[in-house]
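Biologist: Please take a close look at one part of this model and explain, step by step, what surrounds it and how it fits into the whole. I am new to this, so please give me the cut-offs behind each term.

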Amino acid sequence: MDVQQEVVARRPARPKRADARRNYDQIVAAAEVEIARAGARASLEEIARKAGVGSATLHRHFPTRWALFDAVFHDQVEMLCRRAEELAGAQEPVEALADWLKAVAFYGATSRGLASALLVNVARTGTPSGSNCDVMLGEAAERLLQRAQQDGGVRLDVASCDLLTLVNAVSLATETHPDPGPEAARLTELALAGIRPN
């Protein structure tokens, strides 16, 4: 079994029974709210309370806090990737890229350290995340960037990893701002002026 198969096998699967699936979804939804409020220090007990489940139910679905946080992060990244697909077909390429990057920055800032906490945990434990979020975001960014470059609206020396690094930096810089989401989107808009052709 290779590392990726091992990680996927370790990640909690979404349950099949309706009641278990409902509990799973309620836990993830409550975790999203609590993480937006408290960041990576979010209390598992508070998440269970808001989800209307007991602590044992939460731990049955998510044996560690990092398994829960990874599930929350993965669900949000899936939404961002769906948004990239919508934007790719609905707007001018440069506007689509800019709008999507602002959405990524907004999420990064309002998740209050979730992504960086997950990365620190991966480095500390040596256990990679099972969510594959970095690959998903990279592919979404690459599709939008290529369209924008083909349209002549973005310099050809800009790479998708450059843009995601930029957005991550903005998110980290604004996560403690009193209104982090809009501030992250505003700073991303300013930063994107540098990717336009001279």
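Modeller: Let us begin with Val-53, which is buried at a relative accessible area of 14%; buried means under 20%, exposed over 50% and partly exposed in between, with a 1.4 Å probe and protein chains only. This is a predicted model, in which local features need pLDDT of at least 70 and side-chain atom pairs count only at pLDDT 80 or more, while totals for chains, interfaces and linings use all residues. Residues are numbered from 1 along each chain as its sequence is written, and side-chain values use heavy atoms, with hydrogens and water left out.

Val-53 sits in the loop between α3 (44–51) and α4; helices here are DSSP runs of H or I with at least four residues, strands are runs of E with at least two, and both are numbered from the N terminus. Once its neighbours within four places in sequence are set aside, Val-53 is in contact with Asn-23, Gln-26, Ile-27, Ala-48 and Leu-58, where contact means heavy atoms within 4.5 Å. One of these partners, Asn-23, is 30 residues away from Val-53 in sequence, yet their C-alpha atoms are 7.1 Å apart in space.

The surrounding stretch also has an annotation, as an unreviewed UniProt entry lists residues 43–62 as "DNA-binding region"; such positions are given in the numbering used here, feature names are shortened, and annotations may be inferred rather than shown by experiment. In the model, residues 43–62 are 75% helix and 0% strand, and the C-alpha atoms at the two ends of the span lie 14 Å apart.

Next come the aromatic rings, of which the whole structure holds three pairs; rings of Phe, Tyr and Trp (its six-membered ring) pair if their centres lie within 6.5 Å, and planes under 30 degrees apart count as stacked, over 60 as edge-to-face and the rest as tilted. Tyr-24 and Phe-62 form a tilted pair, because their ring centres are 5.0 Å apart and their planes meet at 35°. Since Tyr-24 belongs to helix α2 (residues 18–38) and Phe-62 to the loop between α4 (55–61) and α5 (65–90), the pair ties together parts that are 38 residues apart in sequence. Tyr-24 is buried at a relative accessible area of 4%, and Phe-62 is buried at 1%. A further pair, Phe-73 and Tyr-107, is stacked, with 6.2 Å from centre to centre and 25° between the planes. Phe-73 lies in helix α5 and Tyr-107 in helix α6 (residues 93–110), so this pair ties together parts that are 34 residues apart in sequence.

From here we can turn to the interior. The largest nonpolar core has 33 residues; such a core is a set of buried Ala, Val, Leu, Ile, Met, Phe, Trp, Tyr and Cys residues joined through side-chain atoms within 4.5 Å. Helix α6 gives the most to this core, with ten residues. Apart from it lies another core, of 21 residues, which includes Ala-30, Ile-47, Phe-62 and Ala-71, and Phe-62 is the ring that pairs with Tyr-24.

Finally, for the chain as a whole, there are ten helices and zero strands, and buried residues make up 44% of its 198 residues.
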